[in-house]
Amino acid sequence: MNQILVTGGAGYIGSHTCVVLAEAGYGVTILDNLCNSRAEVLARLQMLCPTKLEFIKGDIRDPVLLEQVFKARQYQAVIHFAGLKAVGESTVQPLAYYENNVCGTLALLKAMQHHGPKSIVFSSSATVYGDPHAVPIKEDFPTSATNPYGRTKLMIEEILADLHRADTGWSIARLRYFNPVGAHESGLIGEDPLGVPNNLMPYVAQVAAQRRPYLNVWGNDYDTPDGTGIRDYIHVLDLAKGHLSALRYLEQHSELITLNLGTGRGYSVLEMVAEFERACGLKIPCRMGPRRKGDIAQCFADPTRSWELLNWRATRGLAQMCKDAWHWQCSEKLRNE
Ligand code: NAD
Ligand code: WQD
C-alpha cells in the first residue's frame, strides 16, 4: 500500500484529507505535535478510515525525529498541513510564525531531500493574493502579503519554487485554499477552534449554539451588493478531495504546480448567515461593526486551472456546508455534556 505522511493530519483540513486518502486506498501516517488539535480526534478519525492510521506525536522542526520517521518507512509523498494559521496572532508573535511555518518547512524539506520522497503537497492560501486587483482570482495574479502569516506562506511558496528549479526531480503542488468550511457529515470530525473563533463560520455556529450572544459583522460599507465582505467558501471535503487529485497528478508528473482550490463563487457575510439560519432553523442575531483591519471586500477563485489539470472541482453547495457545520457543532455539544 502506498504510504503518505500527513503533517498536521490531526487538524481541521488534515483530518478530512486523511479520511479521503484512506478511502482511496492509501496508507496514512500522521505527524502532528497537537499544538492546535486534540488527541481524542484521532480515535474518531480512525472510525472513519477503512485502514489503520499511524500516528506520530512530534514536531516538524525536530530533524532527529524526521530522520527516524523517513528511515523507518518509505513514503510515496508528504502532504504538509502543519503550521500556525491565525492572522491576528501572527502580527503579535511574528517570530513564532516564521519559526514554526518557515523553519518547520525547511526542516521537513531537508529531511525529505536526504531520506524521504521528493514529492510534496503544500497548504498555501488565498491570502498570498493580498488585496486582488480583480475577481475571480487566477493563479498568475500578483502575490503580496499584509501580515506575517501570509508572508510565511509566500516565503514557503518561493522556497518550493527554488527547490524545483534546483532539482526538477521534485514533484510539488502549491495549493491555495480559499475559505474552508463545513465538516464531515458524520459529525465525528470538524473545526474546533480554541478560544474565540477568528473565522466567520465557526463564530456563526457558536452563536447558533448559544455559546455567543451575537455575530459581529465586520463592515457593511464595502463596495458589494449588501455592503458585507464576499468570500469563496469551500466545503472541507471538497478541499480534501483536491489533495487526492493533486497527489495523483504528482504520481505522473514531476512538476511544480500552483492551483486555486475554491468554488469560483463568492457569498457575502449576510448570505452566509441567512443560509446558516436555514440549516439550523434558528435566528442568528447580528450587530454591524466597523471593518476589520486588513480585510478586503471580495475574494473568490477562478478554479479553471484545477479543473483542467486535476479534473477536480468542488461539488458541495452552501446548504451542505452549513448543514454539516451545524451537525458537527451539535455533535460536539453532545460529546462535551
Ligand atoms: P489546524 O490548526 O486545524 O491544523 C494544523 C495542524 O498542524 C494542527 O493539528 C497542529 O497541531 C499541527 N501543527 C502545527 N505546527 C506543527 C508543528 N510544528 N509540528 C507538527 N504539527 C504541527 O489548521 P487547518 O485549518 O487544518 O490548516 C491546515 C493548513 O492549511 C495550515 O498550514 C494553514 O495555514 C493552511 N490554510 C488553512 C486555511 C483555513 O482557513 N483553515 C486556509 C488556507 C490555508
Ligand atoms: C470572512 C468574512 C470578515 C468573522 C481568513 C484568513 C485567510 C485564510 C482564511 C488561512 C470577512 C467576516 C468574520 C466575524 C465577520 N486562512 N467576518 N465577523 O478573512 O477571508 O480569511 O481565513 O490561510 O488567510 O485571513 O476569513 O472567515 O475570517 O472572514 O463579519 O466574526 O467574514 O470580515 O468578510 P478571511 P474569515
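# Questions about a predicted model

Modeller: With 337 residues, a compact globule would have a radius of gyration near 20 Å, and the protein chain has 19 Å, which agrees. The model is a predicted one.

Colleague: What box do the C-alpha atoms of the protein chain fill?

Modeller: Along the principal axes, the box is roughly 55 × 45 × 40 Å. Of the 337 residues in the chain, 55% are buried. The accessible surface comes to about 14,800 Å², and carbon and sulfur atoms hold 51% of that.

Colleague: What share of the contacts with a separation of 6 or more joins residues 24 or more positions apart?

Modeller: Such pairs account for 80% of those contacts in the protein chain. As for secondary structure, the chain has eleven helices and 14 strands.

Colleague: How far apart are the mean positions of the positive and negative charges?

Modeller: They are 3 Å apart, taken over 34 positive and 35 negative charges.

Colleague: Why is T7 called buried?

Modeller: Buried means under 20% relative accessible area. T7 has a relative accessible area of 0%, so T7 is buried. The residue lies in strand β1. Leaving aside neighbours within four places in sequence, T7 is in contact with L31, I60, V78, I79, H80, F81, A82 and L108.

Colleague: L108 brings us to helix α5. What span is expected for α5, and what span does the helix have?

Modeller: Helix α5 covers residues 94–115, which is 22 residues. At 1.5 Å a residue the expected span is 32 Å, and the helix reaches 31 Å from its first C-alpha to its last, close to that value. Its buried residues include Y97, N100, V102, L108, L109 and M112. Among the elements that cover them are β1 (3–7), α3 (63–72), β4 (77–80) and α6 (148–166).

Colleague: How does α11 compare with its own expected span?

Modeller: Helix α11, residues 318–336, has 19 residues; the helix reaches 27 Å, close to the 27 Å expected. Buried residues in α11 include L318, M321, C322, W326 and W328, and also D324 and E332. They pack against α2 (40–48), β7 (179–181), α7 (200–208), β10 (233–235), β12 (267–268) and α9 (269–280).

Colleague: Strand β7 is in that list. What makes V181, in strand β7, a buried residue?

Modeller: The cut-off for buried is under 20%. V181 has a relative accessible area of 4%, and therefore counts as buried. Apart from neighbours within four places in sequence, V181 is in contact with Y12, M201, Y233, I234, H235, V236 and M321. Its C-alpha is separated by 8.2 Å from that of P202, 21 residues away along the chain.

Colleague: Why does S171 count as buried?

Modeller: S171 has 6% relative accessibility, so S171 counts as buried. The residue is found in strand β6 (residues 171–177). Not counting residues up to four places away in sequence, S171 touches K118, S119, I120, L250, H253, S254 and E255.

Colleague: And G219, in the loop between β8 (215–218) and β9 (230–231): is G219 buried or exposed?

Modeller: G219 is buried, with a relative accessible area of 2%. Beyond neighbours within four places in sequence, G219 is in contact with G227, T228, G289, P290 and R291. G219 and V269 are 50 residues apart in sequence, and their C-alpha atoms are 9.6 Å apart in space.

Colleague: What is there to say about the backbone of L34 and N311?

Modeller: Most residues other than glycine have a negative phi. Phi of L34 is near 60°, a positive value, and N311 has a positive phi of about 60°. L34 lies in the loop between β2 (27–32) and α2, whereas N311 lies in the loop between α10 (304–310) and α11.

Colleague: Which of the labels, buried or exposed, goes to L34, and which to N311?

Modeller: Buried means under 20%, and exposed means over 50%. L34 has 16% relative accessibility, so L34 counts as buried. N311 has a relative accessible area of 58%, so N311 is exposed.

Colleague: How do you know that the peptide bond from V135 to P136 is cis?

Modeller: Omega of that bond is near -5°, and the bond is cis. Most peptide bonds are trans. P136 is found in the loop between β5 and α6.

Terms used:
Residues are numbered from 1 along each chain as its sequence is written. Chains are lettered from A and ligands numbered from 1 in the order in which they are written. This is a predicted model: local features need pLDDT of at least 70, side-chain atom pairs count only at pLDDT 80 or more; totals for chains, interfaces and linings use all residues. Side-chain values use heavy atoms; hydrogens and water are left out. Helices (H or I, at least four residues) and strands (E, at least two) are DSSP runs, numbered from the N terminus. The radius of gyration is taken over C-alpha atoms; the globule rule is 2.2 Å times the number of residues to the power 0.38. Buried means under 20% relative accessible area, exposed over 50%, partly exposed in between (1.4 Å probe, protein chains only). Contact means heavy atoms within 4.5 Å. Accessible areas come from the Shrake-Rupley method with a 1.4 Å probe; for residues, only the protein chains shown count as cover. Lys and Arg count as positive and Asp and Glu as negative; His and the chain ends are not counted. The place of a charge is taken as NZ of Lys, CZ of Arg, CG of Asp or CD of Glu. The expected span of a helix is 1.5 Å times one less than its number of residues.
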